[in-house]
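Colleague: Please show me the model, and then let us discuss its architecture and its cores.

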Amino acid sequence: MTGDQEHQICVAATAATGDVGGLQLELRDADGTPVSLQRHDDYRGAKRCYRADLGSGGRPGDWTAHVVLGDGGSNTATIRVDPRLEDAPLFQQRDVPYVAGRPNYDASIAPEQWAGRLVWAMDVDPQGKVTHVEVEVAEGVGERLRDRAIAAGYLSLFPPDPGRAGTPLRWRRSLDFAPR
């Protein structure tokens, strides 16, 4: 909430027509009070990230992000908002990322082909920076997402921990995919 971080909210939609006709993004604070409302008429459905407008004066805690697409589709997610990054519960856990990079999923992959597994490992230095990423398992659709997993690994952010000076943290991320 201090404004010294550039937080984002990312939206990805799939539409049979390929165009969802824009979006509206509303944030409500932990009390359910509206904090901000953004409209993006140029949104078409591909993954896109927007600045998280946290407004001012909202109560910290679990906030609600509600997206309504121009074609009527909608979704709601909970996001954690704290006064300072250092106050966030995930920031207190030194061996867990407070930002876990996610692979950008490939919209050209047909829904019935989303079967497989992907496991990648990250080495993290004392400052919390990911210094090395390697894919340990890539099966099925996971093979097609290999490069995206590596990129996602380098986007992950961990709290600093001087205890890693002798031995870097090795952290694994695992995704299992099954067609819907």
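Modeller: Helices (H or I, at least four residues) and strands (E, at least two) are DSSP runs, numbered from the N terminus. This is a predicted model, in which local features need pLDDT of at least 70, side-chain atom pairs count only at pLDDT 80 or more, and totals for chains, interfaces and linings use all residues. Residues are numbered from 1 along each chain as its sequence is written, and side-chain values use heavy atoms, with hydrogens and water left out.

Colleague: In what pattern do the helices and strands of the protein chain follow along the sequence?

Modeller: The protein chain holds three helices and nine strands. Read along the sequence, their pattern is β-β-β-β-β-β-α-β-β-α-α-β.

Colleague: What percentage of the 180 residues is buried?

Modeller: Buried means under 20% relative accessible area, with a 1.4 Å probe and protein chains only. In the protein chain, the buried share of the 180 residues is 35%.

Colleague: Which elements give two or more residues to the largest nonpolar core?

Modeller: A nonpolar core is a set of buried Ala, Val, Leu, Ile, Met, Phe, Trp, Tyr and Cys residues joined through side-chain atoms within 4.5 Å. Among the 19 residues of the largest one, Leu-118, Trp-120, Met-122, Phe-158 and Phe-177 touch the most other members. The contributing elements are strand 7 (116–124), strand 8 (130–140), helix 3 (146–155) and strand 9 (169–177).

Colleague: How many residues form the second, separate core?

Modeller: Its members include Ala-13, Leu-25, Leu-27 and Val-81. The size of this second core is 16 residues.

Methods
Buried < 20%, exposed > 50% of the residue type's maximum accessible area, 1.4 Å probe, protein only.
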